[in-house]
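Colleague: Could you take me through one part of this model in detail, namely the loops that come early in the chain and what lies around them? I would like a connected account rather than a list.

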Amino acid sequence: MRRVLLAAPRGYCAGVERAVRTVEEALRRHGPPIYVRKQIVHNTFVVDDLTRRGAVFVEELDEVPDGALVIFSAHGVSPAVKEHAERRGLRTIDATCPLVTKVHKEAVRFAEAGYEIVLIGHADHEEVEGTRGEAPGRTHVVDPVTPDDLRLPADRPVGWLSQTTLSVGETMAAVSRLRERFPGLVDPPSEDICYASQNRQEALAAIAAECDLVLVVGSANSSNSRRLVEVALAAGAPAGHLVDHVGDLEEDWLDGVETVGVSSGASVPEHLVTGLLERLAERGFADVRPVTLTRETFTFSLPAELRSELP
Ligand code: SF4
């Protein structure tokens with residue numbers, strides 16, 4: 001009997017919901033164009049939709065005209081970017097997820113206490129660039145799969161932090177490895193991998209071994225979505241793929257498959273999952289069974305700049 005196991009929680013987290021609402025609210029109050037530095041969240045459809053409504057996505061502040069309003073994305077920015085905006089006299093709204101801001105503050109505290117900071121994450125990811133910028137001279141970025149690449153004298157006080165969207169298992173394995181070299185390695189004051197990444201990983205891992213195939217809806221540049229595929233494979237799914245939308249589904253993936261596991265990354269609107277489920281139903285997978293591991297209820301309020309009127 002062909003069936004779909006639909007993992008929950010999946011899709012939008014509180015930080016993404018807030019960031020998207022920030023752009024929508026800025027457009028409503030101020031009208032287009034509203035500039036956004038980097039993709040507000042890493043999802044092609046969200047970015048395309050906001051572009052149609054008047055948001056202009058840029059890579060760097062140099063592309064923003066004088067006097068314009070610019071929003072910083074959910075992934076956060078370094079202090080240098082904020083200073084650049086100030087020097088330019090740009091009006092800004094900071095849509096950084098509060099859970100990323102928390103990691104920034106931890107980096108500042110470690111640096112002020114004289115620690116070297118091992119930041120476990122992907123060096124080219126915007127979030128890592130932003131966090132590293134809080135203490136650039138003291139922060140050493142290490143990929144979670146190659147912790148031995150870290151070059152640091154063993155006699156320095158060292159604390160570790162991480163990108164918020166990593167695989168929990170992979171990160172803890174990296175920390176164990178680092179601790180062999182740095183026995184005094186200090187943990188972050190609280191967990192850096194965010195609740196949304198953890199919940200989505202645990203929910204998908206719980207069903208992965210029952211599935212012949214796992215499909216994760218998410219864009220290729222979405223860190224948490226990519227980690228979901230890896231987690232599913234590590235938890236026993238024999239095959240797993242990331243699909244930006246239903247058009248990415250390849251028919252031969254379904255050959256011989258009885259059970260498909262479905263989830264989506266934290267930046268993915270639910271209609272993209274619905275589109276995939278409709279296509280799967282056409283292919284004989286109409287029996288959809290939701291499997292809910294945790295219920296998420298909290299939300300973040302809009303950035304302070306939108307809680308009061310901008311000048
Ligand atoms: Fe915030 Fe986590 Fe969502 Fe990233 S994935 S925006 S850190 S809640």
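Modeller: Pro 9 lies in the loop between strand S1 (3–8) and helix H1, and in this predicted model the peptide bond that joins Ala 8 to Pro 9 is cis, with an omega of about 5°. A second cis bond is found at the other end of the helix: Pro 33 belongs to the loop between H1 and strand S2 (34–37), and the peptide bond leading into Pro 33 from Pro 32 is cis, with omega near -5°. Both deserve a careful look, because most peptide bonds are trans.

Helix H1, which spans residues 14–30, also has a part in the surroundings of the ligand, since helix H1 and helix H4 (98–112) each supply at least two residues of the shell. The residues around the ligand include Gly 15 and Val 16, as well as Leu 99 and Val 100; also among them are Cys 13, Cys 97, Cys 194 and Tyr 195. Taken by class, this shell has eight nonpolar and three polar residues, and no charged residue. The ligand itself sits in the largest cavity.

Further along the chain, the loop between S2 and H2 holds Lys 38, whose phi is near 70°, a positive value in a residue other than glycine. Most residues other than glycine have a negative phi. Lys 38 counts as buried because its relative accessible area, 9%, falls under the 20% cut-off.

Lys 38 is also one of the residues touched by Ser 73, which is placed in the loop between strand S4 (69–72) and helix H3 (79–88). Ser 73 is likewise buried, its relative accessible area being 2%. Leaving aside residues up to four places away in sequence, Ser 73 is in contact with Arg 37, Lys 38, Gln 39 and Ile 40, and also with Ala 95, Thr 96 and Glu 126.

After the loop that holds Lys 38 comes helix H2, which covers residues 44–52 and in which Val 46, Val 47 and Leu 50 are buried. Seen down the axis of H2, these buried residues fall within an arc of 95°, so they line one face of the helix. The buried residues of H2 pack against H1 and against strand S3 (55–58), which brings the account back to the helix that also supplies residues to the shell around the ligand.

Note on methods. Residues numbered from 1 in each chain as written. Predicted model: local features only at pLDDT ≥ 70, side-chain atom pairs only at ≥ 80, totals over all residues. Heavy atoms only, no water. Near = heavy atom within 4 Å. 1 Å grid on protein atoms, 1.4 Å probe; cavity = no way out; pocket = protein on both sides within 12 Å on 5 of 7 lines; lining within 4 Å. Sits in = over half its atoms within 2 Å of the grid points. Helix = DSSP H or I, 4+ residues; strand = E, 2+ residues; numbered from the N terminus. Nonpolar A, V, L, I, M, F, W, Y, C, P; charged D, E, K, R; others polar. Buried < 20%, exposed > 50% of the residue type's maximum accessible area, 1.4 Å probe, protein only. Contact = heavy atoms within 4.5 Å. Arc of directions from axis to C-beta.
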